[in-house]
Amino acid sequence: CSPKGTRLERWHMASLSVKVLEADLRALEELLPQSFPTCEPVPNSHLFASLRIIQSCGSRQCATFVKEHTCKPVWEEEFTLTIEEEHAELELVVYNFDSGGHQFLGSVVIPLGEMESGEAVDEWYPLSLHPQLQESLQPHAEEEDP
């Protein structure tokens, strides 16, 4: 019986084109100043999205331009990110930027291994919200009907 040899899995570096279209955070409109005391009211909101590929060999991060005075920003910005691993993930994080710095609002992680090469996807992805925001959106027990 001869040795089996070495098993290799080949993975070619690929690129991912992502177009960040828009976000709809209107449900947070009244919560931002309450949940984050340093956050300015929505008329002074400054929302942007940050993108990065999560992989063990490092990541590259990029961000959209800041959209002001809205909880429904429209970016329509395109980015090309390099994927070096088969099981990489795309992370998108939405922040509010004001005088207090970057305030994390929510994020989504999208597994890229499930996508077909060359497949175009136009889809809404729900954000996992900052715990303070998520808690503020929950109906309070005393407000519920018996």
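Me: Let me start with Glu-22: how exposed is this residue?

Reply: Glu-22 is partly exposed, with a relative accessible area of 34%. Keep in mind that we are reading a predicted model. The label follows from the cut-offs, because under 20% counts as buried and over 50% as exposed, with partly exposed in between.

Me: Thanks! With which residue does Glu-22 form a salt bridge?

Reply: To read such a pair, look for a Lys or Arg side-chain nitrogen within 4 Å of a carboxyl oxygen of Asp or Glu. Here the partner is Lys-72, and the closest N and O atoms are 3.3 Å apart. The pair links distant parts of the chain: Glu-22 belongs to strand S1 (residues 14-22), while Lys-72 sits in the loop between strand S4 (67-68) and strand S5 (74-83), 50 residues apart. Lys-72 is partly exposed too, at 32% relative accessibility.

Me: And how do S1 and S5 pair?

Reply: They run antiparallel to each other, over 8 bridges. On the S5 side, Val-74 stands opposite Glu-22.

Me: How many salt bridges are there in the whole structure?

Reply: A full search finds 2. Besides the Glu-22 pair with Lys-72, Glu-91 and Arg-52 meet at 2.6 Å, N to O. This pair also joins distant parts of the chain, with Glu-91 in strand S6 (residues 89-98) and Arg-52 in strand S2 (residues 46-54), 39 residues apart. Glu-91 is buried at 16%, whereas Arg-52 is partly exposed at 27%.

Me: Now the interior. Which residues have the most contacts inside the largest nonpolar core?

Reply: The general idea first: in soluble globular proteins, nonpolar side chains tend to be buried together. In this model the largest nonpolar core has 26 residues, and those with the most contacts inside it are Val-20, Leu-25, Leu-51, Ile-53 and Leu-90. At least two residues of this core come from each of S1, S2, S5, S6 and strand S7 (101-111). Take Leu-90 as a case: leaving aside residues up to four places away in sequence, its contacts include Leu-16, Val-18, Leu-51, Leu-81 and Ile-110.

Me: Which residues of S5 make up its covered face?

Reply: Trp-75, Glu-77, Phe-79, Leu-81 and Ile-83 do, while Val-74, Glu-76, Glu-78, Thr-80 and Thr-82 form the uncovered one.

Me: One last residue: is His-102 buried or exposed?

Reply: His-102, in strand S7, is exposed, with a relative accessible area of 51%. Not counting residues up to four places away in sequence, His-102 still touches Phe-48, Tyr-95, Asn-96 and Phe-97. Its C-alpha atom is separated by 9.4 Å from that of Leu-47, 55 residues apart along the chain.

Key:
Residues numbered from 1 in each chain as written. Predicted model: local features only at pLDDT ≥ 70, side-chain atom pairs only at ≥ 80, totals over all residues. Heavy atoms only, no water. Helix = DSSP H or I, 4+ residues; strand = E, 2+ residues; numbered from the N terminus. Buried < 20%, exposed > 50% of the residue type's maximum accessible area, 1.4 Å probe, protein only. Core = buried A, V, L, I, M, F, W, Y, C linked by side-chain atoms within 4.5 Å. Contact = heavy atoms within 4.5 Å. Pairing = 2+ DSSP bridges.
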